[in-house]
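Reader: I would like to learn how to read the packing and the charge pairs of a protein model. Could you take me through them step by step?

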Amino acid sequence: MKEKLLKIKQFVGKSIRKSYEVPLWKWIIICFVMSIIEVVLLEMLGRRSLLSPFVFIIHNPLVTLYNILIVFFTLSIALLFKRRGFVMGLILMLWLAVGTINFVLQGNRITPFSAIDFLMVSDVLSMFNIYFNLPQRIGIFAAIIIFIILLVVAFLKIPKIKGKVNYIEGSVVVLVSFVLVYIMTVLALESSMISDKFTNLNTAYKSYGFAYCFANSVIDQGISKPDDYSLEEITKIEDDISDIKVPHRLYPYKNNQKQLPNIIVIQLESFIDIGRVNGVHTDIESIPNFKKLQEDYPSGFLNVPAIGAGTANTEFEIITGMKSKSFGAGEYPYKTVLTTTPCESMAQLLLRQGYGTHAIHNNKAKFYSRDESYASLGFQTFTSLEYMLHFERTRTGWAKDNCLPEEIFKAIDCDEEPDFVFTISVQGHGKYPKTELKTEEHVKVTLDSEDPELTYQFGYFVNQCYEMDQMIGELKKMLDEREEDYVLLLYGDHIPNLTFEEGQFNSGTESQTEYVIVSSFDLGLEDKDMYTYEMSDYLLRALDLGPGVMQDIHDEYYDSKHPDLNMAYDSKAVLMQYDMLYGDRYIYNYIEPYERYPMKLGIYDITVDSAVYNEVNGLTVKGENFTEFSKILINDDRQDTLYVDENTLMIISDNMGDIEAGDEICVAQIDKNKHELSRSNSITYY
């Protein structure tokens, strides 16, 4: 037996060494064959099926060939290296790695893997324990270790080619393969065989193949410069919209001053009426308060830009009136351009009209880079979970939404101006457990399919929606009791990341959620279905609050009766989005430029008043507005901190070293990923 194994080993080794003596044209054939195999594997992983990739290949041979050429182009780069086999193997493994990541992600969300997810690494790591159980986490780390070991072994064992590398021939192959990909891309786009604008990322991956879609997401970032972009075009748009009249609305006056309503917007995580879904039944109404509001106030379906994920892009479209699909495939502007570039938004516009502007999210501040992007959108304050005193968690670890009314009223009461409070909830977030419900069951859920795992998932989700709905009812009651004018916009960001069959929705579609506009006075609005990017224009114009450029473009060019035929609107909107965010900002010749606001994290300052040390109790720090995320710093060194209450923090004597007169003490807000968000004042220890 040992002799046979030895002979096999010698044969394989001899074959590998001999392969390094083959001419270049044979290497090209090897690259092409490996490209075919790799594309099939990527489609199997992306479609989570062994057979459906072959159905795709049979029905889309040219698209498949295009994907093969993309992979072949990347493999041809190996021809420029002496360690040709290693480099080719490395490229194949990298393609396989992103395909595997896509396979894992699609098991936990609907949206496939794209290049923008590399910017989401910190966010993904923060949710790692939520989406993966212990055996899965161990398996993932083991796979990463095995991957690294294989790379090292391959580098050491795979031999170099004999003789010198013919860089001219290799470069010609790379260049020719690139030209082929480029020409086929142009022809495929012109013939509509593929598209470079993905309205639905999941559909695009299934229609055009993984290799193309992922490669497109790497290359396509931001908004490409429109061919007709110029000062003249921006000036023409400004001329068209400058004469738009905003209908006048009467408000009550007190002390000869116009009384503006507080505007509260709440984006509800994965919130939908489960009654829209065939085959899912509940013993009582799952969202009674929201349903009652729909009967009494303007409401309708909201066409959102994502399915099962993509919260930040729904949020972006609501607040800016811009289309997220104008950006790169799968791109989140919050993670890219808005981290540094100011942008027109409802907050920017209302700030100029005397409003206080506040953002609230019961999740970490750095999720989707909101701690940076909200400053570009014109928010004066941002209250994230790290600055909240009172909150509970769901079984899966997300903060419950019953903490939001308290934070909303803190924002309203922190100043004398009317306030715009933009709130993002998180309670309904997945992953939904596939095991028996171990939380309070307000609503009994049954499925026609009787699938136990799906029943547990739907049961958990529906009960989270019920609790979110209770928050809505409580907030409405509290707003009415204040006897101040208000407008409350409520809407879901996308459908939940659950398994839905095609055609399972009995009203609306899988890309639609519901909204309702509640107000303490008659807004004169009717029920209407709309896209998320319509909402800011719809709301600001109804309130007689000066719309911005994007809202005026919408009003001038958009045809709500024929949204699929709005070529002129799409063109003008993209021109203005490019000008504001990437171009020469010609529009600022006509309007006051928008600026990044020096945004404050939290409504109230976290302050340190005193620090007392004794050998028994350790160090006790007194102050105001401490939370569970407050950590004591001594001379900039973070200490193991015990949170006692909002006025008291401690370092137990066993956990601290010596403290001396003259040491500087302060308190910092530290998120669970150890990022410092802000600091209090410092005091000197005596």
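Author: What follows goes through the nonpolar cores, then a surface patch, then the salt bridges. Please keep in mind that this is a predicted model.

Reader: Which residues of the largest nonpolar core touch the most other members?

Author: A nonpolar core is a set of buried nonpolar residues joined through side-chain atoms within 4.5 Å. Here the largest one holds 89 residues, and those touching the most other members are F379, F420, I517, L619 and I665. Helix α21, residues 567-581, gives the most to this core, with 7 residues. A separate core of 54 residues lies apart from it and includes L268, Y432, C465 and Y486.

Reader: What is F379 in contact with, if its neighbours within four places in sequence are left aside?

Author: With those neighbours set aside, F379 is in contact with I319, A347, T357, H358, A359, Y374, F420, F422, Y597 and M599.

Reader: Which residues make the nonpolar patch on the surface?

Author: The patch, of about 650 Å², is made by L175, F178, V179, Y182, I183, V186 and L187. L187 is found in helix α9, which spans residues 167-190. Because exposed means over 50% relative accessible area, L187 counts as exposed at 52%.

Reader: How should I read the salt bridges, and how many are there?

Author: Side chains of opposite charge can pair when their charged atoms come close. In this model the count comes to 22 salt bridges. One of them joins E233 to K572, with the closest N and O atoms 4.0 Å apart. E233 lies in helix α12 (residues 231-241) and K572 in helix α21, so this pair ties together parts that are 339 residues apart in sequence. E233 is partly exposed at 23% relative accessibility, whereas K572 is buried at 13%.

Reader: Where do K410 and E406 lie, and how many residues apart are they?

Author: K410 and E406 lie in helix α17, residues 404-413, where they are 4 residues apart and thus separated by about one helical turn. Their salt bridge has its closest N and O atoms 3.8 Å apart; K410 counts as buried at 17% relative accessibility, while E406 counts as partly exposed at 29%.

Reader: Which distant parts of the chain does the pair of R482 and D413 link?

Author: The side chains of R482 and D413 meet in a salt bridge at 2.7 Å, N to O. This pair links helix α18 (residues 452-482), which holds R482, with helix α17, which holds D413, the two residues being 69 residues apart. R482 is partly exposed at 26%, and D413 is also partly exposed, at 44%. Elsewhere, salt bridges that share partners join D537, R541, D552 and D555 into one network.

Definitions and conventions
Residues are numbered from 1 along each chain as its sequence is written. This is a predicted model: local features need pLDDT of at least 70, side-chain atom pairs count only at pLDDT 80 or more; totals for chains, interfaces and linings use all residues. Side-chain values use heavy atoms; hydrogens and water are left out. Buried means under 20% relative accessible area, exposed over 50%, partly exposed in between (1.4 Å probe, protein chains only). Contact means heavy atoms within 4.5 Å. Patches are made of residues with over 30% relative accessible area and no salt bridge: like charges are joined within 9 Å, nonpolar side chains (Val, Leu, Ile, Met, Phe, Trp, Tyr) within 5 Å. Accessible areas come from the Shrake-Rupley method with a 1.4 Å probe; for residues, only the protein chains shown count as cover.
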